Amino acid sequence: MKKIKGQIEERGSWGSKTEFILAVAGIVIGLGNVWRFPYLCYKNGGGAFLIPYLVFVVTCGVPLFLLETAMGQYTQEGGITCWRRLCPLAEGIGYAGQLIILYSCMYYIIILAWALFYFIFSFSSQLPWDSCDNTWNTADCVNLAANNLTLNRTMLINSTTSVTEFWRNRVLVLSDGIEQVGKINWEILLCLIAMWIICYFCIWKGVKSTGKVVYFTATFPYVMLLVLLIRGLTLPGALQGIVFYLYPEPARLFDPQVWMEAGAQIFFSYALGTASLTVLGSYNKYNNNCYRLVQYYCIISSIFVFGIYFKEFDGGMYVFQLFDYYACSGACLLFLCVFESLAMGWIFGAERMFDVIEDMTNSRPNYIFMLCWKYLTPLVSLVSFVCSLVKYKPLTFNRWYVYPDWAYALGWLLALSSILLVPAWALGQLIVVKGSLKQRWRHLCSPDKNLPVTCKQQTEIQENTLITEMEVLVKCDTN
């Protein structure tokens, strides 16, 4: 164990369990839940959507959550090098996950820039999105907050709210299509630069600075969501809104699209397939009880998201949607998790992973996890991935704008850039490594010999050593 302690000291570790808890909590209740889940629930049958959602929680979400966290804690490595030590053949999964993270950062940071832009304008004495008297407003603008406003049905159909016009015409300065790039929005660019600088200083000292930052970044969203929840529940018609939102439509359960979106949401909200959990887990002490914490996190995530209200923006950037729909799509994550569960369940071995978790936590996981890693998770993920390809529909913007062919080609290139990394890396290693095909396969499927030795492995080594010594003694006595 001396080597493991040395590695932890060199690489750094969480200052306390609280830091790890808050860091993971920041991922669990992130954009994946706040932004996507409420909309998907309303869109896909209300309360009925919870059935496929919970099915994916049990078969994919919780098992992979535990697996990825334990992989990091056991190897004390990041998202790429952990695969190099556990199963070199599957190292492409790590590279693909990092590529998806890169794509996610490129467009999630824009959301933060928009938030900063709104935050700055919120200090104005007169909120700019609360009136129609601005230079960006059109003749069709209406202010729904005006007390003396009377609208008929025709006016509502042909008008645009002041909030929507601020978003489209002031924040986005939306053009007529992706072909028209337009001029640079310097205000948004400055907000974007500011957010990159803030993110840099949050992580510039590694786990030491991140461990302190999460005390704010992980707790503040919970406080704000709680405030919004209380505010929403006290508004007139809140009960009717909840009933309308969650009223189940059982017929939607026969729609494969509902199940696909439920699966994709689980992978987004639990941050699966991108090695984020592996990295966070790698800064844990070897004996941290990740098994117990994982159970708490997944329960919190699945319950807490039902308490959010959601306001959907009515527009967005064309390139932004291209990244969201293709580069960071649920299909990419589903594909990665198929190979992740197969590599760890069959090549590294689910039984061996059980021994590792038991050695780290002094508690053996439920047998359902082994069943999921070997059978249910890869099967459910693969079926969902295939269905997502069969049911594929080209991206449109606001249901009316059709992207040009070159944009769809770019979108598929972004998606395939991560998906093809997995088989391409495995094939490349099989070509590069020396030896016969059988020797190369065996080498690439063998874990690092310098991995921590579990108590069970130590016992087996001692027993084998004792048997060998006894055999030698017997031979000597015979001679």
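Biologist: Leaving aside its neighbours within four places in sequence, which residues is valine 338 in contact with?

Modeller: In this predicted model, valine 338 lies in helix α17, which covers residues 330-361. Once the neighbours within four places in sequence are set aside, the contacts of valine 338 are with Pro378, Ser381 and Leu382.

Biologist: Is valine 338 buried or exposed, and what is its relative accessible area?

Modeller: A residue is called buried when its relative accessible area is under 20%. Valine 338 is therefore classed as buried, its relative accessible area being 7%.

Biologist: How far apart in space are valine 338 and glycine 273, C-alpha to C-alpha?

Modeller: Along the sequence, valine 338 and glycine 273 are separated by 65 residues. In space, taken from C-alpha to C-alpha, the separation of valine 338 and glycine 273 is 9.4 Å.

Biologist: Which elements give two or more residues to the nonpolar patch on the surface?

Modeller: The patch is formed by Phe339, Leu342, Trp346, Ile347, Tyr367, Ile368, Leu371 and Tyr375, which together have about 730 Å² of accessible area. Two or more residues of this nonpolar patch come from each of the elements α17 and α18 (367-390).

Biologist: What is the relative accessible area of leucine 371, and in which class does that place leucine 371?

Modeller: Leucine 371 is found in helix α18 and is a member of the nonpolar surface patch. Since the partly exposed class lies between the limits of 20% and 50%, leucine 371 counts as partly exposed, with a relative accessible area of 31%.

Biologist: Which cysteines form a disulfide, and how far apart are their sulfur atoms?

Modeller: A search of the whole structure finds 1 disulfide. With -70° about the S-S bond, the link is left-handed. The partners are cysteine 132 and cysteine 141, and their sulfur atoms are apart by 2.1 Å.

Biologist: Which class of accessibility, buried or partly exposed, applies to cysteine 132 and which to cysteine 141?

Modeller: Cysteine 132 has a relative accessibility of 24% and so counts as partly exposed. Cysteine 141, with a relative accessible area of 12%, is buried.

Biologist: Why is the sulfur of cysteine 199 not in a bond with the closest cysteine sulfur?

Modeller: Cysteine 199 is partly exposed, with a relative accessible area of 27%. A disulfide requires a pair of cysteine sulfur atoms within 2.5 Å. The closest cysteine sulfur to that of cysteine 199 belongs to cysteine 202 and is too far for a bond, because the distance is 6.1 Å.

Technical notes: Residues are numbered from 1 along each chain as its sequence is written. This is a predicted model: local features need pLDDT of at least 70, side-chain atom pairs count only at pLDDT 80 or more; totals for chains, interfaces and linings use all residues. Side-chain values use heavy atoms; hydrogens and water are left out. Helices (H or I, at least four residues) and strands (E, at least two) are DSSP runs, numbered from the N terminus. Buried means under 20% relative accessible area, exposed over 50%, partly exposed in between (1.4 Å probe, protein chains only). Contact means heavy atoms within 4.5 Å. Patches are made of residues with over 30% relative accessible area and no salt bridge: like charges are joined within 9 Å, nonpolar side chains (Val, Leu, Ile, Met, Phe, Trp, Tyr) within 5 Å. Accessible areas come from the Shrake-Rupley method with a 1.4 Å probe; for residues, only the protein chains shown count as cover. A salt bridge is a side-chain nitrogen of Lys or Arg within 4 Å of a carboxyl oxygen of Asp or Glu.
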